[in-house]
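Q: Please take a close look at the single chain of this model. I would like a connected account of its fold, dimensions, surface and domain division.

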Amino acid sequence: MIAGDQGTVEEVAKVRAQLGLDRPIAVQFATWLGHIAIGDLGRSIYDGQPVTRMILQRVEPTIALSLCTLLVALSLAIPLGILAAWKAGTWIDRGVMGFAVLGFSFPVFVIGYGLIYLLSLKLEWLPVQGYASPREGLGEFAAHMVMPALALGWVLTALFARMTRTSMLEVLSQDYIRTAHAKGLSSLQVLVGHALKNAAVPIVTTIGIGVALLIGGVVVTETVFAIPGVGLLTVDAILRRDYPVIQGVVLVFSAVYVLINLAVDLSYGFLDPRIRY
Amino acid sequence: MLVGAALLAALIACALFAPLLATADPAAMSPIKRLRPPGDEFWFGTDSLGRDLYSRVLYGARVSLMVGFAVAFLSTTAGLAIGLVSGFARRVDAVLMRIMDGLMAIPPVLLAIALMALTRASIGNVILAITIAEVPRVTRLVRSVVLTLREQPFVEAAHAVGTPVWRILLRHILPNTVPPLIVQATYICASAIIVEAILSFLGAGMPPNVPSWGNVIAEGRTLFQVAAYIVIVPSIFLSLTVLAVNLIGDGLRDALDPRLARRM
C-alpha cells in the first residue's frame, strides 16, 4: 500500500523490511513490547513522526474536554438523582427517569449536531466548531467547550443520575435516616450529610464504568466539533490505516481506563472506612 | 414498553418493505437535483449527489436493525456458552476470564474501532467487531448467575441423584439464565445500533456505498451548515430506533425481574 499501486516486488520487499514485517510475528511483538517499556510507541507509517510525540501534542484538548464533561455530568446528575430519590414516585421522579431513558437513546453526535443547529446556526450564541486553549483566555475556552461537554455529558448524566437515584433509594430506607430526621436535621442536611455519603460507593463505581463511555465518546465528539485532540488523531489514523498510531492510541486509552478504575477501587477505602485492603 | 414495541414494529416494517415504500433507488444519483430541501417531490430532500434521502433512510433501517439483532443474538449466544463452561469448569475458568478481562480493559467502542481498522469494511465485519466487544460483559453476567445457581439445593440434589453435568447445565442452570439474558440482549441490541452508527460515522464501519444511517450522517457532516436536514433526518430515525429498543428492554426488565423493578 505504501509502495503504491505500481510498486515492484523489490520495492514492496524494501518497505516490508523497513517496517520489520519480514520478521516472524513473535519477534515483531517482542520488539514492540520492548519499545513500549521505554515509552516508545513506534513511528507513524504515514508521516514518520514518533507516535508518542503525536499523542502528547494532542493530549491537552482531550483532557480538557474529558474533565469539563465529567464536571457537567456530575454537577447535573447528582442533584437530579438525589431529587428523584427524595421525591420517589412523583412526577419529578418520573421526569428524571424519563430523561435518563432519552439520554441512553441519543447518540453523542446526534446531540452534538442538535446543539450546533440550535445554539450556533439558529441563535448564533456560540462558535460552531474548533478548540481554544485555556491559555488563550478562559472566555474563548469556555465558549468552545460548552457544546462538546454538554453533548458528551448527556449520556453520562443519564447514567450517573440513574445510579445516584437507585443508590439513594436504598440508603433512604435505612433506620439511621429516620433517626436523622427525628433529631431535627433539615432535609438537605439528611440528604447530603447522611444519605449521599453512604450512597457514594456505587456512584463512584459507575463513574469508573462511565469512563469507558467517555473515551468512546471523546473520539466522536472531537470529530463532530473538530477539536484537535487524541480522538481526532484516532479517526485520522483509521482513515489512513496508520496502524502504529491506532495501536498506540488504543493502548494509551486502555491504560487510562484501567488506571482510573484502579483509582476508583482504591477510593472505596476512603469513602467507606469499613472497606480495608 | 407498548410504545416501544409499536415503534419498533413500525421501523421493522420500514426495513422489510423498504423496496416497496421507497420512492426512488437509494443509490441513484442525479446531479441536477442535488441538495433539494425536503418537499413534495423529495419528502426528506436530496443529498449532495442528488440521491433521495427518504429512500436512503428507509434502507438505512435495514442495516441498523440487522446489525442490532445480529449482534444481540451472536453475543448472547457466545457469552452464554463461554459463561456456562467457565462457571462450571474450574480449570478453564481462570484462562477464559483472564481473556475476558483483557478484552474488557479496552473501552468497547475503541475495541470495535481497532478491530474494524484491521479488516475490510463490510456488514459481516461490523457485526463481528461489535460482537467481540460485547461478549465479555455477557460472559460475566452468565458466569455470575451460574456461580450462584450451582450452590442452590436443587442443583446439589440433581448431583446427588447422579445427573450428569451436561444435563444439569442444560436442564437446571440454562433456563434460569434466560430471563436476565433476554433483558441484556435488548440493551446490547440498542448499544450495537449506536456503535454501528458511530463506526460508520467515523468512516470505520459500513462500506461507503451502503446507505446506513451513520454513513448518511457522515456524508451530510461537511454540508451541515447549508443542508442540516441530511444530518437531522437520519439522526431522528436512529434515536427513535434506539429509544424503542431501550423502552422494550426496560419493560422486559420490569416484567422478568420484579425485585429489580422496585429498586430501579
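A: The account below proceeds from secondary structure to overall dimensions, then to burial, surface and domains.

The model is a predicted one, and its values should be read as computed from that prediction. In chain A, the secondary structure consists of 11 helices and 0 strands. The order along the sequence is accordingly written α-α-α-α-α-α-α-α-α-α-α.

As to dimensions, the C-alpha trace of chain A extends over about 85 × 55 × 35 Å along its principal axes. The radius of gyration of chain A is 24 Å, whereas a compact globule of 277 residues would have a value near 19 Å.

The division into domains may be set beside these dimensions. Domain 1 of chain A covers residues 1-38, and domain 2 covers residues 51-276. Between the C-alpha centres of domain 1 of chain A and domain 2 of chain A there is a distance of 40 Å.

Contacts and burial complete the internal picture. Where contacts in chain A link residues at least 6 apart in sequence, 68% of them join residues at least 24 apart. Buried residues make up 43% of the 277 residues of chain A, a residue being counted as buried when its relative accessible area is under 20%.

Turning to the surface, chain A exposes about 14,200 Å², of which 66% is supplied by carbon and sulfur atoms. Chain A carries 19 positive and 18 negative charges, and the mean positions of these two sets lie 10 Å apart.

Technical notes. Residues numbered from 1 in each chain as written. Chains lettered and ligands numbered in written order. Predicted model: local features only at pLDDT ≥ 70, side-chain atom pairs only at ≥ 80, totals over all residues. Heavy atoms only, no water. Helix = DSSP H or I, 4+ residues; strand = E, 2+ residues; numbered from the N terminus. Rg over C-alpha atoms; globule rule 2.2 N^0.38 Å. Buried < 20%, exposed > 50% of the residue type's maximum accessible area, 1.4 Å probe, protein only. Contact = heavy atoms within 4.5 Å. Areas by Shrake-Rupley, 256 points an atom, 1.4 Å probe, with all protein chains shown as cover. Lys, Arg positive; Asp, Glu negative; His and termini not counted. Charge placed at Lys NZ, Arg CZ, Asp CG, Glu CD. Domains from an automatic or database assignment.
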